[in-house]
Amino acid sequence: MATRFGDALARLALRLIPAVFIAVLFVWPVLALVRRGMSDAGDAEGGISGILERTHAWHLLAVTVGQAAASTQLALVVSIPIVWLYARVGGAAALVLAVVVTVPFVLPTVVVGITFRALLSGPLDFLGIGSGLGAVLMAHAFLNVAVVVRVVGASWRSLDPRVADVARTLGASRVRAFTSVVLPRLLPAVAGSAGLVFLFCSTSFGVIIILGAGQLQTLETEIYSQAIGYFRIPEAVVLSMVQIAVVVAALILARMFTNPAGSGAGGISGRYRNRAEGRWIRVATVGAALWTGLLLLGPIVVLAIRSVRPESGGAWTFDGYRALGRPVNGITPLDTLRYSLTTALLAMVIALVVGVLAALALHSSRGAVGAIANVIAMIPLGISAVTLGFGYLIVLATMPYEIAASPAVIPCVQALIAIPLVIRVMVPALESIPPRLRDAAASLGARPVRVFVDVDLPVIGRSLTAAGGFAFVMALGEFGAASFLRRADTTTLPVLIGSELSRPGADNLATAMAASMILVAATTIAVVGVEVFRPRDGVLI
């Protein structure tokens with residue numbers, strides 16, 4: 001009896017760990033933000049309505065929603081050939097395609113911003129876009145192709161091709177079979193991916209800061225300007241509350257169509273992907289591959305060139321890379337890189353521990369309780385990083401200096417943002433374990449911890465490695481919250497890149513380009529590891 005009571009108490013304690021972590025690192029800052037907003041807005045002239053009018057909140061809301069909707073439509077359109085290719089290829093080609101598609105999604109947004117600045121001032125200068133809304137839409141599409149491809153492509157892979165074959169034998173053309181049989185089954189995945197893309201674009205910060213060039217202001221960028229630029233706390237808080245409402249609405253819409261456990265490909269889909277269907281299929285495959293390379297690799301190639309040739313038509317030089325070792329205020333960019341890698345590794349460990357415990361709790365929860373807990377666990381994935389960072393500022397201002405200046409603050413914030421992705425990977429991995437294996441181990445006297453180590457861990461090991469890789473790259477590239485919380489000795493590499501871009505001079509631009517290529521290399525290595533170790537029957541996004 002004592003053993004059973006101890007096991008039950010241990011399981012309860014393990015469930016409380018992720019709940020307490022999310023409550024302290026997420027719920028507390030958001031509630032502090034809302035409370036501060038209600039208090040300060042009540043004392044301000046005109047109250048909340050006056051602040052909304054003075055900050056042009058409804059115009060900012062319209063711009064935020066409008067650019068997110070336009071970005072979503074563009075991402076869906078440019079992803080069509082890549083989704084088709086992703087659903088067909090297998091083997092080593094599938095691994096390469098998955099890496100090429102995923103790297104842009106996990107790149108730091110500040111790196112994507114500087115990449116498109118180089119692209120639009122170089123090879124695509126003839127378009128006359130340069131900066132502003134057009135540049136932002138292109139960058140958002142580049143960032144979010146992976147969401148559409150992996151969600152819709154995984155759904156397409158799991159379809160039984162024999163259903164379409166039956167339509168073909170009844171006289172339907174390829175187009176008719178696709179539109180009447182395949183497309184209706186893909187629409188929920190298309191809607192789910194569109195909701196996720198809209199969510200990410202509505203909270204975009206780094207891309208708009210760099211490419212908006214002051215011409216495009218959204219709720220996210222205006223919150224930062226009001227809080228950091230003008231120190232108008234009531235205005236920033238009220239705008240943050242509006243942003244939270246947008247995020248919650250977008251998250252609910254995305255969750256209506258997206259299965260949190262992900263979707264996988266069945267064994268039949270392998271036959272579908274490798275089935276030969278004539279010359280036009282081979283031509284279409286080559287065309288889709290060329291489009292994928294042009295869309296997703298082209299911008300990175302331009303960034304690599306501009307890192308050694310910062311000014312278009314200028315001299316070739318490695319000065320940007322040499323500058324990574326030169327100190328600025330006693331700290332070199334390489335020191336910043338080491339700090340970024342250290343905090344990302346620590347954040348990865350925290351995200352894995354909390355995320356796995358949360359996944360275990362969700363796996364054992366059923367019904368309405370499980371559904372509610374699942375939604376709560378996913379909210380940090382979509383919350384505005386700027387809003388969250390502002391909430392931390394308010395909370396840390398009330399803390400003793402030792403806590404506010406703790407080196408654990410930034411890793412914990414980075415881990416919070418990565419935890420939802422860990423949960424998305426680990427829940428389906430846990431559900432793939434046959435219950436009879438656990439029952440057999442328990443019947444032989446194994447305690448719950450022993451069951452997890454001897455039964456669960458060998459099965460979910462590959463998923464755990466993949467989740468860790470994604471947590472690492474998410475933490476490494478975090479920009480919004482880190483830009484609020486940085487100090488001289490806690491500046492991450494994405495924040496440093498943003499700072500270098502804001503300073504005039506070709507030398508600073510070269511340093512930013514070189515640092516961006518370092519992040520691209522680190523991200524690519526991590527994504528290759530994720531794709532090598534992840535299970536073949538699941539999606540990570």
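The paragraphs below lead through this structure from its overall make-up to two helix crossings and then to a few single residues.

The model is a predicted one, and the protein in it has 24 helices and zero strands. Of its 541 residues, 53% are buried, while the surface that the protein exposes amounts to about 23,600 Å², of which carbon and sulfur atoms supply 68%. If one takes the contacts in the protein with a separation of 6 or more, residues 24 or more positions apart account for 82% of them.

With helices as the building elements, it helps to look at how some of them cross. Two packed helices are described by the angle between their axes and the distance between the axes. One pair to find in the structure is helix α3, which covers residues 57–88, and helix α8, which covers residues 174–202; their axes come within 8 Å and cross at roughly 135°. Because of this angle, α3 counts as oblique to α8, and the crossing of the two is right-handed. On the α3 side the contact includes T64, V65, A68, S71, T72 and A75, and on the α8 side V190, A194, V197, F198 and C201 are among the residues that they meet. Sorted by class, the residues of this contact of α3 with α8 comprise ten nonpolar and six polar ones, with no charged residue.

The positions within such a contact can be read against the geometry of a helix. An α-helix has 3.6 residues a turn, so residues three or four places apart point the same way. With this in mind, the reader can trace V190, S193, A194, V197, F198, C201 and S202 along α8, each of them part of the contact with α3.

A second pair joins helix α5 (residues 109–120) and helix α24 (residues 506–533), whose axes come within 10 Å and cross at roughly 125°. This angle, too, is the reason why α5 is described as oblique to α24, but here the crossing is left-handed. From α5, the residues V111, I114 and A118 take part, and they meet A512, M513, S516, L519 and V520 in α24. The contact of α5 with α24 has seven nonpolar residues, one polar residue and no charged ones.

Returning to α3, we can look at the loop that leads into this helix. H56 lies in the loop between α2 (47–54) and α3, and with a relative accessibility of 54% it counts as exposed, because exposed residues are those over 50%. Most residues other than glycine have a negative phi, and most peptide bonds are trans. The phi of H56, by contrast, is positive, with a value near 55°. W58, within helix α3 itself, also counts as exposed, at 54% relative accessibility. Although W58 and V242 are 184 residues apart in sequence, their C-alpha atoms are 9.3 Å apart in space.

In helix α8 the reader can pick out L183, which counts as partly exposed at 31% relative accessibility. The C-alpha atom of L183 is separated by 9.1 Å from that of W156, a residue 27 positions away along the chain.

A last stop is helix α10, made of residues 219–229, in which L219, E220, T221, E222, I223, Q226 and A227 are buried. Just after α10 comes F231, which takes a positive phi of about 55°.

Methods: Residues numbered from 1 in each chain as written. Predicted model: local features only at pLDDT ≥ 70, side-chain atom pairs only at ≥ 80, totals over all residues. Heavy atoms only, no water. Axes fitted to C-alpha atoms, helices over the stretch in contact; angles between N-to-C directions. Helix = DSSP H or I, 4+ residues; strand = E, 2+ residues; numbered from the N terminus. Parallel < 35°, antiparallel > 145°, perpendicular 65-115°, else oblique. Left-handed = near helix turned anticlockwise from the far one by under 90°. Contact = heavy atoms within 4.5 Å. Nonpolar A, V, L, I, M, F, W, Y, C, P; charged D, E, K, R; others polar. Buried < 20%, exposed > 50% of the residue type's maximum accessible area, 1.4 Å probe, protein only. Areas by Shrake-Rupley, 256 points an atom, 1.4 Å probe, with all protein chains shown as cover.
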